[in-house]
Amino acid sequence: MTYQKRNSCIAFLGILLLTVFFAPPAHADETAAASFASHSLALSATENIDYWLFEPKNATADMPLIVYLHGGSGRGDDINKLTQNGFCMWVSEGKFDDVPAYIVFPQLASKYKAGWSANQTDVQKLIENLVKIYKIDTDRISLVGHSMGGTGTLAVASALPA
């Protein structure tokens with residue numbers, strides 16, 4: 001197989017996998033709009049985790065979840081800080097409204113100086129809460145991150161059960 005044909009096959013397979021993974025259900029209501037809103041999950045009487053949640057248009061049960069962990073510049077106590085740049089900003093601007101998946105952007109509170117590894121239990125509780133509320137397909141949860149968030153993906157993923 002030539003290099004060009006192999007690349008075409010790889011590109012086709014990638015598009016096919018994305019289509020299968022993110023294909024909306026055939027019975028979806030075509031009138032439901034996507035939404036993007038800030039939330040806070042109470043973890044205890046004194047602890048909470050703030051996050052942005054993108055809910056896809058025509059959301060149904062058994063949809064995928066993308067968990068995005070920000071880099072060091074997103075750490076803080078103002079959830080709006082996350083929408084100032086990068087992926088969270090683009091989602092907030094509606095540039096990903098056609099993605100048929102929930103996307104959550106938790107914010108690492110300023111008190112966590114060690115990064116996401118010090119907050120992995122809270123992220124796990126957030127994921128479990130979203131799975132329960134939105135009936136997320138647990139076989140289609142993706143964990144991604146940028147910079148400090150990339151390192152955090154390893155810490156969180158290693159703390160989560162398989």
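This is a short talk on one predicted model of a single protein chain, from its overall layout down to a few residues.

Start with the whole chain. It has 162 residues, of which 38% count as buried. There are 4 helices and 5 strands. If you read along the sequence, the pattern is α-β-β-β-α-β-α-β-α. The chain exposes about 9300 Å², and carbon and sulfur atoms supply 57% of that. Now take the contacts with a sequence separation of 6 or more: 73% of them join residues 24 or more positions apart.

Next, the inside. In soluble globular proteins, nonpolar side chains tend to be buried together. Here the largest nonpolar core has 23 residues. The members that touch the most other members are Tyr51, Leu65, Val67, Val104, Val123, Leu126 and Leu130. Strand 2, strand 3, strand 4, helix 3 and helix 4 each give two or more residues to this core. Which element gives the most? That is helix 3, with 5 residues. There is also a second, separate core of 13 residues, and Leu82, Phe87, Ala101 and Ile103 are among them.

Since helix 3 came up, let us stay with it. Helix 3 runs from 120 to 134. At 1.5 Å a residue, its 15 residues should span 21 Å, and the end C-alpha atoms are 21 Å apart, so the two values agree. Its buried residues are Asp122, Val123, Gln124, Leu126, Ile127, Asn129, Leu130 and Val131. What do these buried residues pack against? The list is strand 1, strand 2, strand 3, strand 4, strand 5 and helix 4. As an example, take Leu130. Setting aside neighbours within four places in sequence, Leu130 is in contact with Tyr51, Leu53, Leu65, Val104, Lys135 and Ile136. Lys135, just after helix 3, takes a positive phi of about 55 degrees.

On the other side of some of these contacts is Leu41, in strand 1. Leu41 has a relative accessible area of 15%, and the cut-off for buried is under 20%, so Leu41 is buried. Not counting residues up to four places away in sequence, Leu41 touches Glu47, Asn48, Ile49, Tyr51, Lys125, Leu126 and Asn129. Leu41 and Pro106 are 65 residues apart along the chain, and their C-alpha atoms are separated by 10.0 Å.

Now helix 4, residues 148-159. The same check applies: its 12 residues should span 16 Å, the end C-alpha atoms are 17 Å apart, and that agrees. Its buried residues are Met148, Gly149, Gly152, Thr153, Ala155 and Val156. An α-helix has 3.6 residues a turn, so residues three or four places apart point the same way. Keep that in mind when you look at the numbering of the buried positions. The cover over them includes strand 3, helix 3 and strand 5. Thr153 shows this for one residue: leaving aside neighbours within four places, Thr153 is in contact with Leu69, Leu143, Val144 and Gly145. Thr153 counts as buried because its relative accessibility is 16%.

Next, Phe54, which sits in strand 2. Is Phe54 buried or exposed? Phe54 counts as buried, at 1% relative accessibility. Beyond four places in sequence, its contacts include Ala34, Phe36, Val91, Phe96 and Ile103. Phe54 and Ala34 are 20 residues apart along the chain, with C-alpha atoms separated by 7.3 Å.

Two of those contacts, Phe36 and Phe96, bring us to the aromatic rings. The count comes to 7 aromatic pairs. One cluster is formed by Phe36, Trp52, Tyr68, Phe87, Phe96 and Phe105.

Last, Thr83, in the loop between strand 3 and helix 2. Thr83 counts as buried because its relative accessibility is 16%. Where does its side chain reach? The side chain of Thr83 reaches the backbone oxygen of Asn80 at 2.8 Å. Not counting residues up to four places away, Thr83 touches Phe36, Trp52, Cys88, Met89 and Ser92. Phe36 and Trp52 are members of the aromatic cluster I just listed.

To finish, two things to look for in the structure: helix 3 as the element that gives the most to the largest core, and the second core, which is separate.

Technical notes:
Residues are numbered from 1 along each chain as its sequence is written. This is a predicted model: local features need pLDDT of at least 70, side-chain atom pairs count only at pLDDT 80 or more; totals for chains, interfaces and linings use all residues. Side-chain values use heavy atoms; hydrogens and water are left out. The expected span of a helix is 1.5 Å times one less than its number of residues. Buried means under 20% relative accessible area, exposed over 50%, partly exposed in between (1.4 Å probe, protein chains only). Contact means heavy atoms within 4.5 Å. A nonpolar core is a set of buried Ala, Val, Leu, Ile, Met, Phe, Trp, Tyr and Cys residues joined through side-chain atoms within 4.5 Å. A polar contact is a pair of N or O atoms within 3.5 Å; within protein, one must be able to donate a hydrogen and the other to accept it, and residues adjacent in sequence count only if both atoms are side-chain atoms. Rings of Phe, Tyr and Trp (its six-membered ring) pair if their centres lie within 6.5 Å; planes under 30 degrees apart count as stacked, over 60 as edge-to-face and the rest as tilted. Accessible areas come from the Shrake-Rupley method with a 1.4 Å probe; for residues, only the protein chains shown count as cover.
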